[in-house]
Amino acid sequence: MTIDEVTLSFPGEVVTAAHVRYARLPEVAGPVALITLDNGHDHTRPNTFGPAGLRSLLAAVDEIEAHDPPVAAIAVTGKPFIFSVGADLSFRSSLTDPERIRPSLAALGRLGHEAFARVGEGRLGDRKVPTFALVNGAALGGGLELALHCDYRALSAGIPALAFPEVFLGLVPGWGGTQLLPNLIGAERAVSVVIGNALSQNRMLRGRQAFELGLGDVLLEPADFLAEALRWVGQVLRGDVDPVAARAPVERGAGWAEAIARGRTLADAKLHGAAPAAYRALDLLALAETADRATGYAAETEALADLSVSDELAASLYSFDLVQKRAKRPVGGPDPALARPMTKVGVVGAGLMASQLALVFAHRLEVPVVLTDIDQARLDAGVAGVHQEVDNLLLRHRITPDQANRYKANVTGSLTKDAFADADLVIEAVFENLAVKRTVLAELEAVVAPTAVLLTNTSALSVTEMAAGLDHPERVAGLHFFNPVSVLPLVEVVRAARSDDATIATTLAVAKNLKKNAVLVADAPAFVVNRLLTRFLGEVLGATEGGTPLEEADHALDPLGLPMSPMTLLALVGPPVALHVAETLHAAFPDRFRRPTALARLVEAGRSGVYTTGPDGVQTVDPDAAALIFTPSPAATPLTGDEVREAALRALAEEIHLMLTEKIVAEAADIDLCMILGAGWPFHLGGITPYLDRSGISEAVTGQRFAPPGVATLR
């Protein structure tokens with residue numbers, strides 16, 4: 001089956017139109033045709049390209065070609081704050097017939113190449129005119145590729161995001177990016193942008209960073225950007241400046257090959273071969289050294305078509321939809337109108353976690369935040385720590401000096417909880433001990449206003465039991481942050497047995513205002529993320545106690561392409577925290593969660609993990625730490641890596657099935673969202689349940705899939 005680019009269509013497309021106007025510049029013969037990309041929505045709905053949008057771009061060039069008098073140049077820019085964020089991914093999601101997916105994506109690839117080449121090459125009949133990309137805002141994927149097709153590029157210093165996210169999503173830059181980028185900035189930097197950034201949780205460049213990499217010829221301030229960019233266009237056309245002369249030369253030969261080899265090493269370290277997109281992108285970047293454009297573009301289209309029918313892409317698009325849509329609208333929450341306003345926040349404790357919470361509340365809510373502790377030195381250190389982090393935000397230009405002064409003035413300390421009398425919300429972040437937390441909540445209830453919401457940041461304990469002795473347990477809920485608080489986007493909002501709707505609505509509203517993504521969970525031991533991570537960590541530790549060498553057990557899950565191995569995760573979380581959660585879950589579910597004896601030995605010995613890093617930077621197993629975990633009995637039967645992985649995945653399938661039965665969350669999609677945002681699990685797994693479905697483990701363990709065929713899987 002073939003699909004012609006002319007007949008390719010997407011009924012749900014929000015069309016980005018290419019509007020043309022003509023600008024006269026001083027001492028330039030002929031007008032400059034300015035194409036403005038605009039889908040008719042504000043910045044919250046960015047410009048994207050589907051079939052109709054690409055045809056609009058082609059039509060714009062046709063209009064420019066017919067213009068009288070002839071134009072001197074073509075420039076393309078975007079609507080306010082947005083250049084273009086690339087292909088409309090919902091186009092691929094709309095294709096439900098597997099037989100139509102590959103030819104449709106191939107046709108879209110060819111159409112994109114044609115449209116961008118018409119703009120970028122500036123071919124108007126039998127003459128060539130210079131072309132300019134005036135990148136005024138976010139430029140991702142195809143948006144960046146359009147800019148690369150142009151002869152010259154002006155970048156705004158206010159660009160918040162510029163990137164090639166395709167590999168992160170299971171695709172490759174398919175509209176010229178893999179061929180144009182390395183030939184502009186060199187293979188080494190191109191590998192960092194296309195592979196390194198994408199595999200580092202889709203890291204984005206800001207305008208200045210992109211300019212320093214050589215992606216732009218001039219960097220202009222966002223105020224009056226378009227006017228200044230057009231003034232620069234005039235300078236180039238008059239010959240006052242020569243952007244090409246200022247570009248760094250591109251190294252070929254051995255340097256190019258070394259860059260590709262580095263990219264493969266990076267992909268192996270991050271993915272262990274679990275997803276194909278990074279490797280296809282590297283092949284294309286390697287090809288770009290010698291291939292002509294036609295050959296390179298044809299290879300991009302072929303790769304795009306091949307990847308369009310991969311399970312990894314289907315799972316990635318499902319993940320993308322979860323993060324972009326479901327995460328913004330938590331399922332199962334009460335009427336948002338019930339949420340109470342926030343004018344002051346209290347934080348009980350002044351340790352590391354409490355200080356992180358105080359910072360995020362002060363920064364995002366911009367309200368007074370008061371910390372309490374029983375020790376003046378600890379309290380002073382906590383407040384000083386918050387102030388230092390505010391200064392760090394200022395140094396990184398994330399906030400203004402005025403904001404920094406205001407935030408620091410808003411964060412204070414008190415040795416008594418009376419300071420919470422006028423607080424609308426108080427969150428405790430004290431030692432993970434149920435009795436201690438119950439005492440703290442009782443003390444808070446005695447001083448706060450009747451409408452104040454009381455929250456706990458517990459990672460595993462029962463919120464219901466914490467609130468059981470209060471006169472008003474209905475105003476207590478859990479708000480579980482993940483460490484580091486400023487980085488990880490997930491919070492688990494825990495509805496206790498007696499939490500009322502106003503409390504939950506307020507907590508969800510606070511999470512949203514903190515710019516966190518909330519998942520509403522029922523009150524059960526360790527909630528979602530910690531429960532699942534502890535279950536699969538328990539299987540790995542259990543295998544080592546059964547005689548499996550530690551390194552073999554730890555790397556058994558590498559084929560999934562997880563962000564880190566279980567033992568590396570253990571070191572990040574900290575063995576004491578992991579032990580507390582494991583003990584809580586063993587007490588609750590002793591038939592499924594092993595007694596964490598090996599972990600207890602590690603904590604008792606004061607070990608922070610099982611690996612050590614040598615002077616050469618190489619990570620190796622610490623034999624003393626390993627001996628605390630690897631203690632097989634004479635009758636132990638070691639498992640192979642495949643057997644450890646199978647056991648861990650079967651355990652996850654069982655636990656997820658039980659969590660859904662217990663109605664810990666509304667649907668399996670919420671568990672996937674938790675694993676993506678709270679544990680950094682890759683998009684190509686779809687969180688976890690799509691992988692369990694497509695590997696057959698879901699049905700083998702539970703007798704059914706977590707989602708119907710075609711949801712996050714190709715079939």
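**Sheet edge and second pocket**

Me: What makes helix H17 a neighbour of the sheet strands E13 and E14?
Reply: Helix H17 (residues 401–410) lies across strand E13 (369–372) and E14. Contact means heavy atoms within 4.5 Å. H17 runs at about 15° to E14, on a scale from 0 to 180 degrees between N-to-C directions of axes fitted to C-alpha atoms, for helices over the stretch in contact. Helices (H or I, at least four residues) and strands (E, at least two) are DSSP runs numbered from the N terminus.

This is a predicted model: local features need pLDDT of at least 70, side-chain atom pairs count only at pLDDT 80 or more, and totals for chains, interfaces and linings use all residues. Numbering starts from 1 along each chain as its sequence is written, and side-chain values use heavy atoms, without hydrogens and water.

Me: Why are E14 and E19 called edge strands?
Reply: The open sheet has eight strands, ordered E14-E13-E12-E15-E16-E17-E18-E19, with mixed pairing. E14 (411–414) and E19 (517–522) each have a single partner strand, so one side of each lacks a neighbour in the sheet.

Me: How do you know that E18 and E19 pair?
Reply: DSSP must find at least two bridges between two strands. E18 (residues 490–495) and E19 have six, in the parallel sense. Leu490 stands opposite Asn517 in E19.

Me: What classes of residue make up the lining of the second largest pocket?
Reply: Eight are nonpolar, four polar and eight charged. Ala, Val, Leu, Ile, Met, Phe, Trp, Tyr, Cys and Pro count as nonpolar, Asp, Glu, Lys and Arg as charged, and the others, Gly among them, as polar. H6 supplies the largest share of this lining, four residues.
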